[in-house]
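The following exercises concern strand pairing, backbone geometry and salt bridges. Each task is followed by a solution in steps.

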Amino acid sequence: SMFLSGCFTVGARNVTGERGDQSLAFGGIDIETIGPNPRQFPARLRFFDVIHVSTQERTRVMVEAEAQTFSVFLIPGHYEVIRLQFNEGPFRAEVSVTMRFHVPANQLTYLGTWQLKVDTPRTQRMVRMEVPEKNPDWEEVFEADPILKGKIVVNSFPELTTHQARMYVVAP
């Protein structure tokens, strides 16, 4: 409940400021670290990059640090997530992925809760990805945020071409 409220609160501020032909896409991130972590910092998704398949326009989507949620206005169409960047305090790592999704026109688009399993720091560090097709309790969410009442929410769970990918260290 609190997770979903956080997820919608970020988007709710954006829903009131209409953005013409763009639709609001939103979702959440659930990160699990696999193995003992020698660092004192938890893994967080910092941002991900998407590309509009038709126009090749790139968009960087910043992820809210504590809630691990995101919301972004996108032009309707087909998109592909091409890169994820994680951080653990000052340490950063990136991974190239292929996740495809569609954003319909004039609707709130729920991209699901992305489940990411991240290896602890080691020579070959991997991330495993899954997007289960589960819906939150929309009635509860709409009650918590009256701005969202009357809005139509559609699901567009990303299709993963890559379920596992290697992480590479990047400079902070």
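## Exercise 1: A hairpin and its turn

Strand 2 and strand 3 form a hairpin in which five residues lie between the two strands, and Gln56 in the turn has a positive phi of about 65°. The model is a predicted one.

**Task.** Describe how strand 2 and strand 3 pair, and name the bridge partner of Phe48 in strand 3.

**Solution.** Step 1: the two strands, with strand 3 covering residues 58-62, pair in the antiparallel sense over five bridges. Step 2: within this pairing, Phe48 has Val61 of strand 3 as its bridge partner. Step 3: Gln56 belongs to the loop between strand 2 and strand 3. Its phi, near 65°, is a positive value in a residue other than glycine.

## Exercise 2: The other pairing of strand 2

**Task.** Determine how strand 2 is joined to strand 5, and state whether strand 2 is mostly covered or uncovered.

**Solution.** Step 1: strand 2 and strand 5 (residues 77-88) run antiparallel and are joined by eight bridges. Step 2: in strand 5, Arg83 is the bridge partner of Asp49. Step 3: strand 2 spans residues 44-52, and seven of its nine residues are buried, hence the strand is mostly covered.

## Exercise 3: A positive phi in another loop

**Task.** Locate Asn106 and decide whether Asn106 is buried or exposed.

**Solution.** Step 1: Asn106 sits in the loop between strand 6 (91-103) and strand 7 (108-119). Step 2: the phi of Asn106 is near 55°, a positive value in a residue other than glycine. Step 3: the relative accessibility of Asn106 is 62%. The cut-off for an exposed residue is over 50%, so Asn106 counts as exposed.

## Exercise 4: Asp49 and its salt bridge

**Task.** Identify the residue whose side chain meets that of Asp49 in a salt bridge at 2.9 Å, and classify both residues by accessibility.

**Solution.** Step 1: the side chains of Asp49 and Arg60 meet in a salt bridge, with 2.9 Å from N to O. Step 2: this pair links distant parts of the chain, since Asp49 is in strand 2 and Arg60 in strand 3, eleven residues apart. Step 3: Asp49 has a relative accessible area of 6% and is therefore buried. Arg60, at 44% relative accessibility, counts as partly exposed. Step 4: Asp49 and Arg60 also belong, with Arg83 and Glu94, to a network of linked salt bridges.

## Exercise 5: Two salt bridges from strand 5

**Task.** State how many salt bridges are counted, then examine the pairs Arg100 with Glu80 and Arg125 with Glu88.

**Solution.** Step 1: the count comes to seven salt bridges.

Step 2: in the salt bridge of Arg100 with Glu80, the closest N and O atoms are 3.0 Å apart. Arg100 lies in strand 6 and Glu80 in strand 5, so this pair ties together parts that are 20 residues apart in sequence. Arg100 is partly exposed, with a relative accessible area of 41%, whereas Glu80 counts as buried at 17% relative accessibility.

Step 3: in the salt bridge of Arg125 with Glu88, the closest N and O atoms are 2.7 Å apart. Here the linked parts of the chain are distant: Arg125 is in strand 8 (residues 125-130) and Glu88 in strand 5, 37 residues apart.

Step 4: a residue is buried when its relative accessible area is under 20%. Arg125, at 8%, therefore counts as buried, and Glu88, at 3%, counts as buried too.

Terms used:
Residues numbered from 1 in each chain as written. Predicted model: local features only at pLDDT ≥ 70, side-chain atom pairs only at ≥ 80, totals over all residues. Heavy atoms only, no water. Buried < 20%, exposed > 50% of the residue type's maximum accessible area, 1.4 Å probe, protein only. Helix = DSSP H or I, 4+ residues; strand = E, 2+ residues; numbered from the N terminus. Pairing = 2+ DSSP bridges. Salt bridge = Lys/Arg side-chain N within 4 Å of Asp/Glu carboxyl O.
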